[in-house]
Amino acid sequence: MKALRTFPLSSSGEPNGITPQHMRDLLAGSTDDSLQQALVDFLNLMLAGAFDQEISSIILGGRLIALSKKDGGVRPICVGYTLRRLAAKCANSHVISRRSQVLQPQQLGVGVSGGAEVAVHAARRLVSNLPAGHVVVKLDFCNAFNCVRRDLILDSFATNIPEIYRLVYSAFPCQPVSTFGSHEILSSEGAQQGDPLGSLEFCEAIHPLPLKLHSSVKIGFMDDLTLSGDLHTVERDITTIMESSSETGVQLNVDKCEIITDDFTEINTLAAFNDFIRVNKEDITLLGAPVLKGKAQDKAIQDKIDDLTTGVERLKHLQAHDALVILKNSLAMPKLLYLLRSSQCSNYPLLRQFN
């Protein structure tokens with residue numbers, strides 16, 4: 001029941017339309033605990049991996065939604081079956097605090113409240129006091145969640161979290177079916193789309209990699225990795241990551257990797273950084289938030305103003321209540337609040353324009 005209450009009120013429905021709110025309403029109006037007990041029994045079967053592959057391929061699948069990326073690519077979002085998501089939430093709540101302690105401080109994307117904000121604030125202190133001859137690199141991986149090796153995921157769970165191994169394993173051999181319109185797409189590699197355990201699976205699988213690196217600062221937020229240290233140590237770590245791609249399944253997307261330093265002269269002589277984007281300190285962003293005051297922060301807030309201006313004109317065509325829900329939950333407020341918590345926005349002039 002606690003796991004069921006953690007679903008946001010607006011959680012989307014699975015392929016057959018059932019939402020977590022439907023379950024909450026049914027349980028709230030029941031006259032006995034028979035439905036609750038039936039749910040418990042069903043979830044225990046899922047946690048035990050007791051379904052055959054034909055059943056698992058359905059119940060572990062979901063409904064795909066395609067969103068456009070800023071670079072023109074496609075970001076698939078998978079809405080899984082509510083019962084599967086509920087089982088994963090129960091499993092996750094059982095292990096997350098223990099495993100989060102193990103994954104820290106290199107990994108802040110699992111079980112760390114406000115982990116993204118922590119990463120941005122740490123990066124601000126780092127960039128503001130960067131020693132001479134040191135660099136900061138932001139690493140981008142190609143389709144990391146879909147490429148990480150499944151045997152690494154299973155080995156890690158078998159060793160470290162055996163109590164939920166069967167649930168994790170059940171999603172791999174059956175190739176769960178994700179539907180997109182009239183199309184069916186099989187999940188055959190990487191952490192499965194829409195799996196609530198996907199973040200934990202990915203972080204567990206690649207955790208040995210940052211432990212092998214020697215940079216003085218390593219800040220990971222799931223598949224976003226930021227390194228800092230003296231130039232040649234960071235260069236060796238980049239080489240280590242590239243050489244480890246066959247072991248992990250994830251590869252650097254060097255065209256999107258960034259390097260930040262006070263002097264780019266020596267960097268231009270090192271082959272490892274040839275394709276990295278050179279970024280000045282005042283332009284650096286991390287996890288969608290500007291790190292320092294300057295052009296990046298101006299652009300971030302101006303973008304929020306422009307989005308809100310466009311959105312307000314369109315919201316006028318909706319009923320007032322619907323417009324308010326969209327404004328509050330998705331259009332402006334969540335991202336703005338994240339920006340305010342992550343960046344140095346106190347008394348920032350552009351905020352008056354947003355207001």
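How many bridges join strand 3 to strand 7, and in which sense do the two run? That one is settled in the first legend below, and every view here comes from a predicted model.

**Figure 1. Strand 3 with strand 7 and strand 8 as its partners.** Strand 3 and strand 7 run antiparallel and are joined by six bridges. To find your way into this pairing, start at His134 and look across to Asp230, its bridge partner in strand 7. Strand 3 also pairs with strand 8 (residues 258–260), again in the antiparallel sense, this time over three bridges. A handy landmark there is Val136, whose bridge partner in strand 8 is Ile260. Strand 3 covers residues 134–139, and five of its six residues are buried, so the rest of the structure largely encloses it.

**Figure 2. The hairpin of strand 1 and strand 2.** Here strand 1 (residues 62–68) meets strand 2 (residues 74–80), and the two run antiparallel with seven bridges between them. Pick out Ile65 and you'll find its bridge partner, Ile77, in strand 2. Five residues sit between the strands of this hairpin, and Gly72 takes a positive phi near 95 degrees.

**Figure 3. A close look at Ser178 in strand 4.** Strand 4 takes in residues 177–180, and Ser178 has its place there. Is Ser178 buried or exposed? Ser178 counts as buried because its relative accessibility is 4%. Setting aside neighbours within four places in sequence, Ser178 is in contact with Gly62, Leu64 and Cys78, and also with His183, Glu184 and Ile185.

**Figure 4. Ser10 in the loop between helix 1 and helix 2.** Helix 1 spans 2–5 and helix 2 spans 20–28, with Ser10 found in the loop between them. Ser10 is exposed, with a relative accessible area of 61%. Now look along to Pro20: Ser10 and Pro20 are ten residues apart along the chain, and their C-alpha atoms are separated by 8.9 Å.

**Figure 5. Helix 10 and what it packs against.** Helix 10 is mostly covered, with eight of its nine residues buried. The buried ones are Gly198, Leu200, Glu201, Phe202, Cys203, Glu204, Ala205 and Ile206. They pack against a whole set of helices: helix 5 (82–103), helix 7 (144–147), helix 8 (150–160), helix 9 and helix 11.

**Figure 6. The largest cavity and its lining.** The structure holds four cavities of 30 Å³ or more, and the largest has a volume of about 120 Å³. Its lining is made up of 15 residues, and those nearest the centre are Gln107, Ile206, Pro210, Met222 and Leu225. Helix 10 (198–206), helix 11 (208–212) and strand 7 (224–230) are the elements that give two or more residues to this lining. Which element gives the largest share? Helix 10 does, with three residues. Sorted by class, the lining of the largest cavity has nine nonpolar, four polar and two charged residues.

**Figure 7. The second largest cavity.** This cavity has a volume of about 50 Å³. The residues that line it are Met46, Gly49, Ala50, Phe51, Ser56, Ile59, Leu60, Leu167 and Ser170. Two elements, helix 4 (53–59) and helix 9 (165–170), give two or more residues to the lining. By class, the lining of the second largest cavity divides into six nonpolar and three polar residues, with no charged ones.

**Figure 8. Cys90 and Cys257, two cysteines without a disulfide.** A disulfide is a covalent bond between the sulfur atoms of two cysteines. How many disulfides does a search of the whole structure find? Zero. Why is there no bond from Cys90 to Cys78? Cys78 holds the closest cysteine sulfur to that of Cys90, but the separation is 19 Å, so it is too far for a bond. Cys90 counts as partly exposed, at 28% relative accessibility. Cys257 is in no disulfide either, and its nearest cysteine sulfur, in Cys142, is 8.3 Å away. Cys257 is buried, with a relative accessible area of 0%.

Key:
Residues are numbered from 1 along each chain as its sequence is written. This is a predicted model: local features need pLDDT of at least 70, side-chain atom pairs count only at pLDDT 80 or more; totals for chains, interfaces and linings use all residues. Side-chain values use heavy atoms; hydrogens and water are left out. A disulfide is a pair of cysteine sulfur atoms within 2.5 Å. Buried means under 20% relative accessible area, exposed over 50%, partly exposed in between (1.4 Å probe, protein chains only). On a 1 Å grid over the protein atoms alone, a cavity is a set of points where a 1.4 Å probe fits but cannot get out, and a pocket is an open set with protein on both sides within 12 Å along at least five of seven lines; lining residues have an atom within 4 Å of a point. Grid points are joined across faces, edges and corners, and a volume is the space filled by probe spheres set on the points. Helices (H or I, at least four residues) and strands (E, at least two) are DSSP runs, numbered from the N terminus. Ala, Val, Leu, Ile, Met, Phe, Trp, Tyr, Cys and Pro count as nonpolar, Asp, Glu, Lys and Arg as charged, and the others, Gly among them, as polar. Two strands pair if DSSP finds at least two bridges between them. Contact means heavy atoms within 4.5 Å.
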